[in-house]
Amino acid sequence: MSYKLSQQLKPAHLQDVKAVLAINDNTLASASRDGSVAIWKKDVGKFALKALLRGHDAYVNSLAHVMEDNTILSGGNSSLILAHSLDSLSPESVAALTGHQLNVCVLRYKDETLISGSWDMTARVWTKEGKEWGCRGVLEAHNAAVWGVDIVPAVEEGNHVRYLTGSADKTIRLWSHTFDCVGVFKSSPEPVRSLSLLSDGSHFYSACNDGRIRVWDLSGRVMGTFSGHPDYAYEVVATPEGAVSCGEDHTVRVWSERGEQLDVMLHPCQTVWAVCPLPDGDLASAGSDGVVRVWTRDSQRVAGAEQVRAYDAAVEGVKQKVAAATACEAGQEKVKGARDVVVDVDISDDSPPLQLRFQSEEHPRDVAVAFVRDHALPESYVDQIEAFIGASV
């Protein structure tokens with residue numbers, strides 16, 4: 001069964017919903033430009049608004065859940081990260097994390113560690129000792145906003161935790177446990193919006209302004225590209241079957257691990273800022289129309305007939321728009337064969353880039369091999385240059 005609308009959460013936020021987070025099957029949190037964090041809990045099988053948490057006095061667009069003390073962390077244009085208790089649901093925060101200078105646009109909590117990304121071009125790593133949060137490290141190297149972050153756990157004895165950051169500067173960086181940059185991945189042709197580590201701990205997804213979802217390994221090789229969004233892809237989240245993503249095209253899209261598009265959920269609003277899986281297999285999405293929507297494959301949780309009719313009417317015009325954009329995207333893919341492509345290849349941070357010119361119908365491997373040979377580069381560069389060529393076309 002494909003995903004169907006289960007519920008539209010009301011009352012809606014007054015402005016765009018920028019983030020949505022599943023606490024568990026029965027609790028959702030959403031953050032909005034209206035300055036609030038909403039907590040929704042299931043009541044007789046349907047989510048209902050239980051609390052509005054405030055404190056930023058500015059728009060809020062990032063969320064994380066700390067299971068150990070059951071608090072919700074939120075970040076936004078105030079430059080603060082605030083903690084609220086999910087037990088008391090008091091509108092007043094119980095802690096404030098200070099350090100960022102501009103909008104905190106992304107949060108990720110994992111293994112008792114928080115990482116935050118900001119328009120101030122840094123990411124910060126935080127841990128909690130007792131009741132006090134402290135910043136343990138600042139990741140500084142990007143030259144534009146940090147929009148995506150994730151934590152790479154130490155999966156083997158003797159290894160250390162590492163960190164991933166993605167930026168509007170079109171790079172992804174890998175950082176050591178000592179907060180040193182140990183890898184710069186430059187195969188993304190457009191600003192990077194979101195990162196999500198796969199469960200194997202050795203690969204991750206990125207979402208990008210070109211609408212592509214890319215699969216990477218931790219050496220910086222692009223292992224696959226998922227094409228479907230014809231416009232900005234704002235968020236990607238790894239799931240057991242593959243991934244879910246959303247973007248500036250009215251849609252949430254469901255992907256297999258091989259990049260097959262399994263489902264598309266249309267939204268009346270053009271911008272879908274965020275998406276998250278629930279433990280029970282449902283999905284929640286955050287729209288620019290101020291609405292949080294829940295989607296399900298369970299026939300017992302599908303919305304009632306009246307709500308489905310209203311939804312169908314709302315997206316009727318969207319269907320043609322999305323179909324036309326998708327057809328245009330497919331057409332662009334087909335005509336790429338007649339294109340001259342010129343890209344700059346960064347061999348090292350200390351040398352100017354080398355210009356690589358090729359025909360887009362040429363096989364990326366052949367082009368990479370010839371480029372390495374012509375410039376007397378190590379053969380180990382072939383795979384990375386091949387991946388860069390693939391991402392560019």
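Of the 393 residues in the protein chain, 53% count as buried. Keep in mind that this is a predicted model. By secondary structure, the chain comes to 3 helices and 30 strands. Its radius of gyration is 21 Å, close to the 21 Å that the globule rule gives for 393 residues, so the chain is as compact as a globular protein of that length. Along the principal axes, the C-alpha atoms fill a box of roughly 65 × 50 × 35 Å. The accessible surface comes to about 17300 Å², and carbon and sulfur atoms hold 48% of that. As for contacts between residues at least 6 apart in sequence, 43% of them join residues at least 24 apart.

**Two open sheets**

Let's start with the sheet ordered S6-S7-S8-S9, an open one with 4 strands and antiparallel pairing. Its edges are S6 (60–66) and S9 (95–97), each of which pairs on one side only. Ignoring direction, neighbouring strands here are turned by 25° against each other on average. At the S9 end, strand S8 (residues 81–85) pairs with S9 over 3 bridges in the antiparallel sense, and Ile81 sits opposite Leu97 in S9.

Further along comes another open sheet of 4 strands, in the order S10-S11-S12-S13, again with antiparallel pairing. S10 (104–110) and S13 (132–140) are its edge strands with a single partner each, so one side of each has no neighbour in the sheet. The twist from one strand to the next averages 25°. S12 (residues 122–129) and S13 pair over 8 bridges, and Lys128 has Trp133 in S13 as its bridge partner.

**Around strand S23**

Why is S23 described as largely enclosed by the rest of the structure? All the strand's residues, 6 of the 6 in 242–247, are buried, so the surroundings largely enclose it. The cut-off behind that word is under 20% relative accessible area.

S23 has antiparallel pairings with S22 (residues 233–239) and with S24 (residues 251–256). A hairpin of 2 residues joins S22 to S23, while the hairpin between S23 and S24 has 3 residues between the strands. In that second turn, His250 has a positive phi of about 70°. On the S22 side, Ala233 stands opposite Gly247; on the S24 side, Ser245 faces Arg253.

Here are the antiparallel strand pairs side by side:

| Strand pair | Bridges |
|---|---|
| S22 and S23 | 6 bridges |
| S23 and S24 | 5 bridges |
| S8 and S9 | 3 bridges |
| S12 and S13 | 8 bridges |

**The nonpolar cores**

Which residues touch the most other members of the largest nonpolar core? They are Met265, Leu283 and Trp295, in a core of 17 residues. The elements giving two or more residues to this core are S23, S24, S25 (261–266), S26 (272–277) and helix H1 (305–334). H1 gives the most, with 4 residues.

Met265 is worth a click in the viewer. Setting aside its neighbours within four places in sequence, Met265 is in contact with Tyr3, His250, Thr251, Val252, Val254, Leu283 and Trp295. His250 is the turn residue with the positive phi in the S23–S24 hairpin, and Leu283 and Trp295 are the two named alongside Met265 for touching the most other core members.

There is also a second, separate core of 15 residues, including Ala38, Trp40, Cys276 and Ala286.

Definitions and conventions
Residues are numbered from 1 along each chain as its sequence is written. This is a predicted model: local features need pLDDT of at least 70, side-chain atom pairs count only at pLDDT 80 or more; totals for chains, interfaces and linings use all residues. Side-chain values use heavy atoms; hydrogens and water are left out. Buried means under 20% relative accessible area, exposed over 50%, partly exposed in between (1.4 Å probe, protein chains only). Two strands pair if DSSP finds at least two bridges between them. Axes are lines fitted to C-alpha atoms, for helices over the stretch in contact, and angles run from 0 to 180 degrees between N-to-C directions. A nonpolar core is a set of buried Ala, Val, Leu, Ile, Met, Phe, Trp, Tyr and Cys residues joined through side-chain atoms within 4.5 Å. Contact means heavy atoms within 4.5 Å. The radius of gyration is taken over C-alpha atoms; the globule rule is 2.2 Å times the number of residues to the power 0.38. Accessible areas come from the Shrake-Rupley method with a 1.4 Å probe; for residues, only the protein chains shown count as cover.
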